[in-house]
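Please open the model in a viewer and keep the selection panel at hand. The tour proceeds by selections, each followed by a description of what is found there.

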Amino acid sequence: MIHHVPVRIDHRRPENLCDRIALGFTKTMRFFADALFRERHGHRAIVIETVAAVPGMVGATLTHLRCLRRMSDDQGWIRTLMEEAENERMHLMTFVNVAQPNLFERLLILLVQWGFYCAFFALYLVAPRIAHRVVGYFEEEAVISYTHYLEAIDAGRMANDPAPAIACHYWKMPASATLRDVVLKVRADEAHHRDVNHGFADELGGKEARESAPYPEHAAQLDAA
């Protein structure tokens, strides 16, 4: 039996204009993703995860440079953000084994990732609190998307195929694991990222961070994958 972390479907209410802008931007991106992918959940995951892996690396890089300039401690932020980036990349590598992206999706990934990286880098330079709030809202939508993915599997609209080997290794699942088990693990990861980024935004705004969803257990070594 595979242990799965319970996931809360939370929404962080915007408290000010910056929060509302972050939420509005996220909902706009959600609208286009829904229009483009509809019930093609595996393909949606591939494209979205190539973008989702960007903020953690950007945040870790700029935090690292800031700490070097100030000769100050990072309070564990750098490792947390880099683990987030790596985790999102492993989501991508998993879903590439589930749904192969077509040529259009590959071109879309190139354009969207380039544009999003430049925009998020600039945003993090001038307003890191807003940047983390945007990621928090992104991850809220990711939890909802993977919940819809689960519903499609449970309803029989998508086959519950065996889990890819790379997923079994990364999430330490048995060989008998299925796609449904993978989606549950990915959703738990996204819930954790959601709470961590909302927490970082709160800390940068001078507030105490709320309790985060449990940090899922992942494989310590990835080379065997």
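The stops below cover pockets, nonpolar cores and aromatic rings, in a model that is predicted.

**Stop 1: the largest pocket**

Begin by selecting Met29, Arg30, Ala33, Ile48 and Val51, which of the 27 lining residues lie nearest the centre of the largest pocket. Two or more lining residues come from each of helix H1 (17-37), helix H2 (41-70), helix H4 (103-126) and helix H5 (128-154). Colour these helices separately, and give H2 some prominence, since H2 supplies the largest share of this lining, 9 residues. The space in this pocket amounts to about 550 Å³. What is the division of its lining into nonpolar, polar and charged residues? There are 18 nonpolar, 3 polar and 6 charged residues.

**Stop 2: the second largest pocket**

Turn next to the second largest pocket, which holds about 190 Å³ of space. Select Thr80, His192, Val196, Phe200 and Ser212; among the 15 residues of the lining, these are the closest to the pocket centre. The elements that contribute two or more residues here are helix H3 (77-96) and helix H7 (179-204). H7 gives the most, with 7 residues. Colouring by residue class shows 4 nonpolar, 6 polar and 5 charged residues in this lining.

**Stop 3: the nonpolar cores**

Now hide the pockets and select Phe95, Tyr146, Tyr149, Trp171, Met173, Val182 and Val183. Within the largest nonpolar core, which has 28 residues, these have the most contacts. Two or more residues of this core come from each of H2, H3, H4, H5, helix H6 (165-170) and H7. H7 again deserves attention, as H7 gives the most to this core, with 5 residues.

Which residues does Val183 touch, leaving aside those up to four places away in sequence? The contacts of Val183 are with Tyr146, Tyr149, Leu150 and Ile153. Another core, of 15 residues, lies apart from the largest one; select Leu81, Phe120, Tyr124 and Val196 to display some of its members.

**Stop 4: the aromatic rings**

Show the rings of Phe, Tyr and Trp. A pair of aromatic rings is described by the distance of the centres and the angle of the planes. The model contains 10 aromatic pairs. Zoom in on Tyr146 and Tyr149, a stacked pair with 6.4 Å centre to centre and 15 degrees between the planes. Both tyrosines belong to helix H5 and are 3 residues apart, about one turn of the helix. Are they buried or exposed? Tyr146 has 6% relative accessibility and therefore counts as buried. Tyr149, at 1% relative accessibility, also counts as buried.

Move on to Tyr170 and Trp171, whose ring centres are 4.9 Å apart with the planes at 80 degrees, so this pair is edge-to-face. Tyr170 is buried, because its relative accessibility is 3%. Trp171 is likewise buried, at 2% relative accessibility.

Finally, select Phe25, Phe116, Phe120, Tyr124 and Phe138, which together form one aromatic cluster. Keep Phe120 and Tyr124 highlighted: both were also selected at the previous stop as members of the core of 15 residues.

Note on methods
Residues numbered from 1 in each chain as written. Predicted model: local features only at pLDDT ≥ 70, side-chain atom pairs only at ≥ 80, totals over all residues. Heavy atoms only, no water. 1 Å grid on protein atoms, 1.4 Å probe; cavity = no way out; pocket = protein on both sides within 12 Å on 5 of 7 lines; lining within 4 Å. Points joined across faces, edges and corners; volume = space filled by probe spheres on them. Helix = DSSP H or I, 4+ residues; strand = E, 2+ residues; numbered from the N terminus. Nonpolar A, V, L, I, M, F, W, Y, C, P; charged D, E, K, R; others polar. Core = buried A, V, L, I, M, F, W, Y, C linked by side-chain atoms within 4.5 Å. Buried < 20%, exposed > 50% of the residue type's maximum accessible area, 1.4 Å probe, protein only. Contact = heavy atoms within 4.5 Å. Phe/Tyr/Trp six-rings, centres within 6.5 Å; stacked < 30°, edge-to-face > 60°.
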